[in-house]
Amino acid sequence: MRYFTSVSDIGDLSAALREASAIKADRFRYDSLGRNKTLMMVFFNSSLRTRLSTQKAALNLGMNVIVLDVNAGAWKLETERGVIMDGDKPEHLLEAIPVMGCYCDIIGVRSFAGLQSRDYDYSEEVIGRFIKYSGRPVFSMEAATGHPLQGFADIITIEEYKRSARPKVVLTWAPHPKALPQAVPNSFAQWSVAAGYEVVVTHPHGYELDERFTRGAVIEYDQDKAFEGADFIYAKNWSAYAGDNYGKILSADRSWTVDSRKMALTRDAFFMHCLPVRRGMIVTDEVIESPRSIVIPEAANREISATVVLKRMLESL
Ligand code: CP
């Protein structure tokens with residue numbers, strides 16, 4: 001595997017899930033595969049889970065790890081071409097990227113959507129430039145439009161907890177005080193459909209996601225109706241995708257917060273969220289602390305999805 005930015009890069013999903021299960025049972029089996037190989041993790045945005053789980057995955061495989069927080073200690077980076085660099089950014093990304101490539105064998109990149117321009121965000125320019133100019137295999141640690149390591153971990157988790165071959169999986173929008181990207185819901189919808197689940201996406205009008213990610217899912221504007229008979233509830237906030245409203249908050253409706261009344265409509269569903277989560281906005285304390293909440297095992301599986309991806313990249317070096 002040379003690049004990992006989407007579900008299409010994983011190939012046969014069933015085979016990937018079997019590989020994940022085998023790695024989870026024996027996560028140090030390939031601990032010499034990464035000997036004398038270096039992973040560079042480049043963060044343009046904050047992270048807890050991705051930072052720790054991906055580093056742990058690299059250690060499982062015997063790799064060395066370098067972490068660069070672009071906004072803490074590095075030169076400020078110019079990203080636009082054709083600009084006169086007379087401002088506060090002394091280095092251009094187009095030199096910085098190949099330089100980073102000199103010091104490592106594999107690069108992971110986290111770069112969120114700016115939510116100013118849909119065309120710019122959905123062109124995935126930052127990770128695209130790493131792919132083009134680093135000379136190294138590159139994987140997404142959450143880019144503007146997708147979070148594939150999270151999507152893969154989510155499917156690993158559902159496979160572990162599902163009680164039927166084709167569970168009903170509901171992705172629900174929930175309120176949040178800040179505008180958030182669509183990356184996590186895009187990936188969750190895409191990976192869930194690829195896994196063959198019955199997928200329902202529920203949100204207020206105006207929050208329709210890009211159809212390229214939700215194709216194969218049912219869109220239901222009535223949250224209660226969506227929850228009926230669900231096996232898994234996956235809560236997440238996202239800002240608007242459509243047209244001139246791109247990146248905007250259209251609703252702060254707290255009636256969309258996932259609470260015990262709504263969970264009672266389900267088929268004793270498990271509650272999922274990628275974390276970090278704002279209690280009282282996305283979900284109540286009662287739901288996230290309930291025995292049906294699997295947010296911690298879900299986060300634990302980030303180590304597994306990252307180990308599979310890094311293992312495959314090391315095997316292709
Ligand atoms: N779920 C997730 O990616 O968490 P972090 O932002 O903390 O990495």
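A pocket, as the word is used here, is an open set of grid points with protein on both sides within 12 Å along at least five of seven lines, and its lining residues have an atom within 4 Å of a point. With that in hand, the predicted model can be toured from its ligand site outwards.

The largest pocket holds about 470 Å³ of space. Its lining is made up of 24 residues, and Arg110, Phe112, Glu142, Leu275 and Pro276 are the ones that lie nearest the centre. Sorted by class, this lining has ten nonpolar, eight polar and six charged residues. The largest pocket is also the space that the ligand takes.

Which residues surround the ligand? The shell consists of Ser47, Leu48, Arg49, Thr50, Arg110, His147, Gln150, Cys274, Leu275 and Arg302. Three of these shell residues are nonpolar, four are polar and three are charged. Arg110 and Leu275 thus appear both in the shell and among the residues nearest the centre of the largest pocket.

Some of these neighbours can be described at the level of atoms. On the backbone side, an N or O atom of Leu48 lies 2.7 Å from an oxygen atom of the ligand, while a backbone N or O atom of Leu275 lies 2.9 Å from a ligand nitrogen atom. Arg302 takes part through its side chain, with a polar atom 3.1 Å from an oxygen atom of the ligand. The ligand has 250 Å² of accessible area on its own, and the protein covers 93% of it.

The second largest pocket offers about 360 Å³ of space. Here the lining comprises 22 residues, with Phe44, Thr79, Ser111, Tyr120 and Val126 lying nearest the centre. Two elements, helix H4 (118-122) and helix H5 (125-133), give two or more residues each to this lining. H5 gives the most, with three residues. By class, the lining of the second largest pocket divides into twelve nonpolar, five polar and five charged residues.

Closed space can be considered as well. How many cavities of 30 Å³ or more does the count give? The count comes to one, and the largest cavity has a volume of about 40 Å³. Around the largest cavity stand Trp173, His176, Lys178, Ala179, Leu180, Tyr207, Asn237, Trp238, Ser239, Ile249 and Ser251. This lining splits into six nonpolar residues, four polar residues and one charged residue.

Methods:
Residues numbered from 1 in each chain as written. Predicted model: local features only at pLDDT ≥ 70, side-chain atom pairs only at ≥ 80, totals over all residues. Heavy atoms only, no water. 1 Å grid on protein atoms, 1.4 Å probe; cavity = no way out; pocket = protein on both sides within 12 Å on 5 of 7 lines; lining within 4 Å. Points joined across faces, edges and corners; volume = space filled by probe spheres on them. Nonpolar A, V, L, I, M, F, W, Y, C, P; charged D, E, K, R; others polar. Near = heavy atom within 4 Å. Polar contact = N/O pair within 3.5 Å; in protein donor to acceptor, adjacent residues only side chain to side chain. Areas by Shrake-Rupley, 256 points an atom, 1.4 Å probe, with all protein chains shown as cover. Sits in = over half its atoms within 2 Å of the grid points. Helix = DSSP H or I, 4+ residues; strand = E, 2+ residues; numbered from the N terminus.
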